[in-house]
Amino acid sequence: MNNRLHRINLLIGEVGVEKLKNSTVMVVGCGAVGSFAIESLARCGIGHLIIIDFDKIEESNINRQLFALDSTIGKPKVDVAEQRIHDINPEIIVDSYNIFFDENTNLNIKPDFVIDAIDSVSSKIALYKWCFNNHVPFISSMGAARKTDITKIKVGTILKTTVCPLASKIRKTIRDLKMPDFPVVYSTEIATPQINGGREFGSIINITGTFGLMLSDFVIKKLLS
């Protein structure tokens, strides 16, 4: 037994640890929400991680993204994520793709589970289609920006979400496309008015981190079951 997984082994046993070690999880989006999901999956002993993101780390990411440090500014998020994963556990297999996921993305892979931590609606829909077409279970993050109350964050299904504007857009789109329901992490909190306006939405690590950890929690429980 790898000593770094000793405390997990005490909780879920060797059979559970082996299940996670033999599992492949794909996380699309390595930012505020995705970084916490990846961190949790790596520290829980998932044996194979596939990470996808097209962006580079900026100084403005530091307040809420695990991979954003003064030393990583300007580097591709997937490169920093891969290095951190291997620093957590060198035995984890990591496949990183520095790409923007859209309807033209063609990946010849078959993970056991997918986590959607993308901001773009069109990319989210493209990922949902990919998952459905390839019969891969997934869970999706809804909007974490302009939220401050972690007690309002819930796990549900997209067709039963309320309040969240992003979830509303997704609900309408999947109904128009006649796509089936699927699990999501979302907040029932009404968006907090911003002190400073503008096109960018404010966000805080308490919320984005909770979203990411709830996504990974859902996946880990499914893999163990």
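Me: Helix axes are lines fitted to C-alpha atoms over the stretch in contact, and angles between N-to-C directions run from 0 to 180 degrees. With that in mind, how close do the axes of helix 2 and helix 6 come, and at what angle do they cross?

Reply: A word on the source comes first. This is a predicted model, in which local features need pLDDT of at least 70 and side-chain atom pairs count only at pLDDT 80 or more, while totals for chains, interfaces and linings use all residues. Residues are numbered from 1 along each chain as its sequence is written, and side-chain values use heavy atoms, with hydrogens and water left out.

Helices (H or I, at least four residues) and strands (E, at least two) are DSSP runs numbered from the N terminus. Here helix 2 spans residues 32–43 and helix 6 residues 205–224, and their axes approach within 7 Å while crossing at roughly 45 degrees. An angle under 35 degrees is called roughly parallel, over 145 roughly antiparallel, 65 to 115 roughly perpendicular, and the rest oblique, so helix 2 and helix 6 are oblique to each other.

Me: Which residues of helix 2 and helix 6 meet?

Reply: Contact is taken as heavy atoms within 4.5 Å. On the side of helix 2 the participants are Ala32, Val33, Phe36, Ala37, Ser40 and Leu41, and on the side of helix 6 they are Ile205, Thr208, Gly209, Phe211, Gly212, Leu213, Leu215, Ser216 and Ile220. Sorted by class (nonpolar: Ala, Val, Leu, Ile, Met, Phe, Trp, Tyr, Cys and Pro; charged: Asp, Glu, Lys and Arg; polar: the others, Gly among them), the contact of helix 2 with helix 6 holds 10 nonpolar and five polar residues, and no charged ones.

Me: At what angle do helix 2 and helix 3 pack?

Reply: Helix 3 covers residues 77–88, and its axis lies 9 Å from that of helix 2 at an angle of about 25 degrees, which makes helix 2 roughly parallel to helix 3. Helix 2 contributes Ile38, Glu39, Ala42 and Arg43 to the contact, while helix 3 contributes Arg84, Ile85 and Ile88. In this contact of helix 2 with helix 3 there are four nonpolar and three charged residues, with no polar ones. Glu39, Arg43 and Arg84, which take part in that contact, are also linked in a network of salt bridges.

Me: How many salt bridges does the rule give?

Reply: The rule asks for a side-chain nitrogen of Lys or Arg within 4 Å of a carboxyl oxygen of Asp or Glu, and by it the count comes to seven. One of them joins lysine 124 to aspartate 116, with the closest N and O atoms 2.8 Å apart. Another joins lysine 152 to aspartate 149, where the corresponding distance is 3.9 Å. A further one pairs lysine 172 with aspartate 176 at 3.0 Å between the closest N and O atoms; these two residues are four apart in helix 5 (residues 165–176), and are therefore separated by about one helical turn.

Me: Is lysine 124 buried or exposed?

Reply: Relative accessible area under 20% means buried, over 50% exposed, and in between partly exposed (1.4 Å probe, protein chains only). Lysine 124, at 0%, is buried, and its partner aspartate 116, at 0%, is buried as well. Lysine 152 is partly exposed at 33%, as is aspartate 149 at 23%. Lysine 172 is exposed at 54%, and aspartate 176 is exposed at 51%.

Me: Where is arginine 171 placed?

Reply: Arginine 171 belongs to helix 5, and with 15% relative accessibility it counts as buried. Leaving aside residues up to four places away in sequence, arginine 171 touches Ile158, Leu159, Thr161 and Thr162.

Me: Which phi value does histidine 135 have?

Reply: Most residues other than glycine have a negative phi. Histidine 135, although not a glycine, has a positive phi of about 55 degrees; it sits in the loop between helix 4 (121–133) and strand 5 (138–141), and at 67% relative accessibility it is exposed. Valine 163, likewise not a glycine, has a positive phi of about 70 degrees. Valine 163 is in the loop between strand 6 (153–157) and helix 5, and counts as partly exposed at 45%.
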